[in-house]
Amino acid sequence: MISVFFVVLIAFLAGVEGILDEFEFHQPIIAATLIGLATGHVMEGVVLGGTLQLIALGWMNVGAAIAPDAALASVVSAYLVCGPAHVDPKTGIAIAIPLAVAGQVLTILVRMLTTTLAHVADGYAEKGNIRGVETVHIGAIVLQGLRIAIPMVVVILVGADPVRHALAAIPEVITGGLAVAGGFIVVVGYAMVINMMATPDLWPFFFLGFALSAVTEINLIAMGIIGLVLALVYLQLSPKFNGGGDGGNGGNSGSGSAGGDPIDEILNNY
């Protein structure tokens with residue numbers, strides 16, 4: 001019972017974070033790991049969450065376009081993998097894609113509802129009722145949490161056996177196709193990360209990481225530490241971040257020099 005409580009709580013927080021985006025509980029690597037921790041299968045949660053995170057790198061809201069929902073896909077698939085159903089991670093990854101699409105529909109419906117709540121908040125604001133505005137605001141956030149928590153409760157109440165039988169009834173051509181599609185989306189996520197790194201200053205670190213992983217037996221933790229150290233050394237030595245060169249003051253102490261970094265000048269003059 002305690003495990004179920006924490007699973008539902010994590011699902012609720014994941015739904016809330018899908019809007020607040022502050023503590024990142026909706027990110028697959030965090031949500032799936034927490035579900036694994038709550039169910040006593042941390043390793044399976046980490047493996048599933050890490051794979052889904054690569055897929056979710058290609059999902060983002062652009063303008064009014066709503067991306068597939070990573071929160072619902074993460075918590076439900078993680079529970080199926082780490083919970084009593086004990087679905088294998090490959091199947092969990094495959095069913096995460098349609099779950100994300102279903103979550104996308106749910107979040108659109110909830111956002112339509114919160115649009116109505118916004119008009120209710122406007123009415124409270126015209127009357128000077130601050131408490132009413134706060135209540136509507138909190139209520140809208142709670143709806144986003146319930147958007148994930150309620151489907152999670154339904155999956156828990158249905159039980160492991162019906163879920164296992166339903167998954168077994170899905171043709172292999174569908175689950176296999178979804179797994180292949182998920183692999184393609186992973187490539188898109190990698191491409192987006194590389195595109196953000198596509199600057200002359202960062203390319204050397206990109207190739208250095210591949211070289212270190214290929215010619216040594218350094219694990220991922222050590223690689224992360226090396227990357228952090230290189231980033232700190234780069235920030236300390238690069239003139240761009242230390243008031244020199246093209247990014248600094250060019251030797252002038254005035255705050256209006258061309259190409260200067262206002263934040264860097266404030267820190268240097270503090």
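1. How far apart should the ends of helix α3 (residues 42-56) be, at 1.5 Å a residue? For its 15 residues the expected span is 21 Å, and the end C-alpha atoms lie 20 Å apart, which agrees. The model is a predicted one.

2. The buried residues in α3 are Gly45, Leu48, Gly49, Leu52, Gln53, Ile55 and Ala56. Around the helix axis they take up an arc of only 150°, so they sit on the same side of α3.

3. On the overall fold: the protein contains eleven helices and zero strands. Its pattern along the sequence is accordingly written α-α-α-α-α-α-α-α-α-α-α.

4. On packing: of the 270 residues in the protein, 30% are buried. Taking contacts between residues at least 6 apart in sequence, 64% are between residues at least 24 apart. The exposed area of the protein is about 15800 Å², and 72% of it comes from carbon and sulfur atoms.

5. On annotation: the unreviewed UniProt entry carries the label "transmembrane region" for residues 28-47, 59-81, 93-114, 135-160, 166-193 and 205-235. Two of these spans can be set against the model. Residues 93-114 are 100% helix and 0% strand, with end C-alpha atoms 31 Å apart. Residues 28-47 are 90% helix and 0% strand, and there the end C-alpha atoms lie 10 Å apart.

6. On aromatic pairs: searching the whole structure gives four. One of them joins Phe5 and Phe6, with ring centres 5.4 Å apart and planes at 70°; an angle over 60 degrees counts as edge-to-face, so this pair is edge-to-face. Phe5 counts as exposed because its relative accessibility is 52%, whereas Phe6, at 41%, counts as partly exposed.

7. The pair formed by Trp203 and Phe207 has ring centres 5.6 Å apart and planes at 25°, so it is stacked. Both residues belong to helix α9 (residues 203-215), where they are four residues apart, about one turn of the helix. Trp203 is partly exposed, at 28% relative accessibility, while Phe207 is exposed, with a relative accessible area of 52%.

Key:
Residues are numbered from 1 along each chain as its sequence is written. This is a predicted model: local features need pLDDT of at least 70, side-chain atom pairs count only at pLDDT 80 or more; totals for chains, interfaces and linings use all residues. Side-chain values use heavy atoms; hydrogens and water are left out. Helices (H or I, at least four residues) and strands (E, at least two) are DSSP runs, numbered from the N terminus. The expected span of a helix is 1.5 Å times one less than its number of residues. Buried means under 20% relative accessible area, exposed over 50%, partly exposed in between (1.4 Å probe, protein chains only). The arc is that of the directions from the helix axis to the C-beta atoms. UniProt positions are given in the numbering used here, feature names are shortened, and annotations may be inferred rather than shown by experiment. Rings of Phe, Tyr and Trp (its six-membered ring) pair if their centres lie within 6.5 Å; planes under 30 degrees apart count as stacked, over 60 as edge-to-face and the rest as tilted. Contact means heavy atoms within 4.5 Å. Accessible areas come from the Shrake-Rupley method with a 1.4 Å probe; for residues, only the protein chains shown count as cover.
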